[in-house]
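The exercises below are meant to be worked through with the sequence and the coordinates open side by side. Each task is followed by a solution that proceeds step by step.

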Amino acid sequence: MSASESVLVRTDGEDTAALLRLTDRLYRAEALDDVYEAALDAIGDMLGCRRASILLFDTHGEMRFVAWRGLSESYRKAVDGHTPWKPGDRNAVPIFVPDIAETDEADWLKRTIKSEGITALGFIPLMAKGEVVGKFMTYLPDPHGFTQHERDLAVAIARQVGFSLERYRAEQARSAAEQQIRESEDRFRRMSEDAPIMIWIADSTGRCLHLNQMLRSFWGVEDLGSFDWSHTIHPEDRSGIIKAMQAAVTENSSAHVKGRYRRSDGTYRVLETVARPHLNEGGGFDGMIGVNVDVTEREEADLHKQLLINELNHRVKNTLAVVQSVARQTFKGLATGEPKVKAFEGRLSALAQAHNLLAAESWQSASLEEVARKSVNGDADIRVRISGPLVQLAPKQAVTTAMALHELYTNAVKYGSLRSTGGSVDFSWETTDQPDRWLTLRWSEHGIEPVPKPTRRGFGSTMIEKALGAEFNADVRMDYRPEGLQCTVIARQHETPAA
């Protein structure tokens with residue numbers, strides 16, 4: 001009985017039983033070799049062929065033999081890589097060749113196949129996720145017209161083997177991903193162990209999964225399983241820290257918080273914590289990962305600095321009060337409204353306002369806009385229009401600018417555009433990135449009555465030109481026009497004095 005005839009005498013029940021055996025073996029397969037062995041047995045049993053093979057695309061997209069029966073090494077080497085499909089082809093259909101001699105294949109290929117004692121062949125694609133990943137081959141020694149029943153059986157075998165390959169590859173990918181995660185975690189733990197900051201990982205319940213050496217030493221922890229970090233928080237800081245962590249989880253954002261934690265020796269230290277949620281592949285919350293930095297000394301230094309600043313503010317205010325008292329005694333014989341008395345008190349007030357602005361910023365800097373608004377005696381946005389970008393002045397620059405603007409405003413009220421109700425002033429500034437300048441200030445008066453040009457230089461004009469010029473390394477231009485004073489200050493950045 002020939003191979004083709006052996007298929008014809010099989011019953012549907014035998015075919016069904018064979019498919020069930022194949023399915024069971026593929027399900028229980030623990031390695032690819034088990035898959036190949038089950039497939040080759042099914043091909044030989046159900047299609048009645050003594051010789052068969054399984055080929056898969058390798059990483060380079062070449063079709064390679066991975067399992068076979070009844071084929072010589074010379075034959076496999078000769079036809080290795082030969083395939084009618086490319087990796088990723090979809091909707092591939094089996095190809096059955098009744099007689100290789102009757103095809104248009106190359107003569108060398110026909111001779112190679114014939115010399116192996118093969119006449120009829122079947123090419124059946126193996127599919128995974130709808131794409132060709134390989135094929136299995138059937139070989140018969142005599143010309144053979146494949147029946148529809150044989151074709152259906154071949155497709156059924158290929159479908160089961162394709163499913164198994166897909167499952168195995170998915171398992172391989174999952175195992176590889178898990179291995180990468182384990183290796184990544186191991187690298188992280190090794191890297192963090194001797195880091196000069198405290199590093200920790202907590203699970204979704206807040207239980208510590210990892211503390212590096214520095215943090216274990218800080219808390220004196222030996223057994224992570226029984227350790228609860230929240231018990232080390234200072235009672236006064238506990239609610240704030242827990243609330244910040246819960247908000248980070250809810251909003252899936254980083255938490256940045258400071259608080260006192262009890263060290264293993266019983267003392268409390270201030271730790272600054274930066275942490276963020278760790279999400280799994282499905283987007284679910286897996287826990288938190290963060291770092292702690294001991295900032296106790298920095299906090300103490302900042303507190304000491306603030307105490308010094310407060311003391312400085314107190315002493316400056318006392319000094320200004322003493323100066324004001326001395327001035328009152330000095331001007332005791334003069335009338336309260338006498339111009340010299342008013343001028344001195346106004347200048348002293350301008351110093352005090354500049355001091356208050358700097359004190360609010362811990363003597364770091366002061367906003368030019370705030371300095372200007374405090375210097376025009378409530379006329380900002382009424383008769384004095386103030387405009388310009390954000391500019392922070394160093395302390396000495398802020399004091400000098402406040403004094404200069406006080407003199408400009410007082411002069412405008414007494415002699416300039418603001419002496420009449422219809423007059424106004426524009427005070428503006430702009431910054432540039434030109435190498436020879438960084439800030440340009442403009443004081444422009446707009447009077448409705450002609451403003452007489454001064455006949456002498458007073459203290460205000462001298463102070464504006466010399467003080468501003470020196471403090472900002474600037475060119476100061478004073479232009480007295482009929483509508484009022486036009487004062488322009490062009491400051492240079494690279495030589496600006498430090499605070």
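pLDDT is the predictor's confidence in each residue, on a scale from 0 to 100. It is needed here since this is a predicted model.

**Exercise 1. Determine where confidence in the protein chain is lowest and where it is highest.**

Step 1. Begin with the whole chain, for which the mean pLDDT is 83, with 84% of the residues reaching 70 or more.

Step 2. Turn to the individual elements: helix 1 (residues 3-8) has the lowest confidence, at a mean of 39, whereas strand 3 (residues 95-97) has the highest, at 95.

Step 3. Examine the weak stretches, of which residues 1-8 stay under 50 and have 13 contacts beyond four places in sequence in the model. Residues 494-499 also have a pLDDT below 50, and this stretch has nine contacts beyond near neighbours in sequence.

**Exercise 2. Work out how helix 2 and helix 3 are oriented towards each other, and which classes of residue make their contact.**

Step 1. Take the geometry of the pair: helix 2 (residues 12-28) packs against helix 3 (residues 32-47) at an angle of about 175 degrees, and the axes are 9 Å apart.

Step 2. Apply the cut-off, by which angles over 145 degrees count as roughly antiparallel; helix 2 and helix 3 are therefore roughly antiparallel.

Step 3. List the residues in contact, which include Leu19, Leu22 and Leu26 of helix 2 and Val35, Ala38 and Met46 of helix 3.

Step 4. Sort the contact residues of helix 2 and helix 3 by class, which gives nine nonpolar, no polar and six charged.

**Exercise 3. Carry out the analysis for helix 12 and helix 13, and add the hand of their crossing.**

Step 1. Helix 12 (residues 395-414) and helix 13 (residues 459-471) pack at about 155 degrees, with 9 Å between their axes, which makes helix 12 roughly antiparallel to helix 13.

Step 2. The crossing of helix 12 with helix 13 is left-handed.

Step 3. Among the residues that meet are Met403 and Leu408 in helix 12, and Phe459 and Ile464 in helix 13; by class, this contact of helix 12 with helix 13 has eight nonpolar, four polar and three charged residues.

**Exercise 4. Establish which strands stand at the edges of the five-stranded sheet.**

Step 1. Write down the strand order of this open sheet, which is 2-1-5-4-3 with antiparallel pairing.

Step 2. Strand 2 (63-69) and strand 3 each have a single partner strand and stand at the edges, so one side of each lacks a neighbour in the sheet.

Step 3. Inspect one pairing inside this order: strand 4 (residues 120-128) and strand 5 (residues 131-140) run antiparallel and are joined by nine bridges, and Gly122 has Thr138 in strand 5 as its bridge partner.

Methods. Residues numbered from 1 in each chain as written. Predicted model: local features only at pLDDT ≥ 70, side-chain atom pairs only at ≥ 80, totals over all residues. Heavy atoms only, no water. Axes fitted to C-alpha atoms, helices over the stretch in contact; angles between N-to-C directions. Helix = DSSP H or I, 4+ residues; strand = E, 2+ residues; numbered from the N terminus. Parallel < 35°, antiparallel > 145°, perpendicular 65-115°, else oblique. Left-handed = near helix turned anticlockwise from the far one by under 90°. Contact = heavy atoms within 4.5 Å. Nonpolar A, V, L, I, M, F, W, Y, C, P; charged D, E, K, R; others polar. Pairing = 2+ DSSP bridges.
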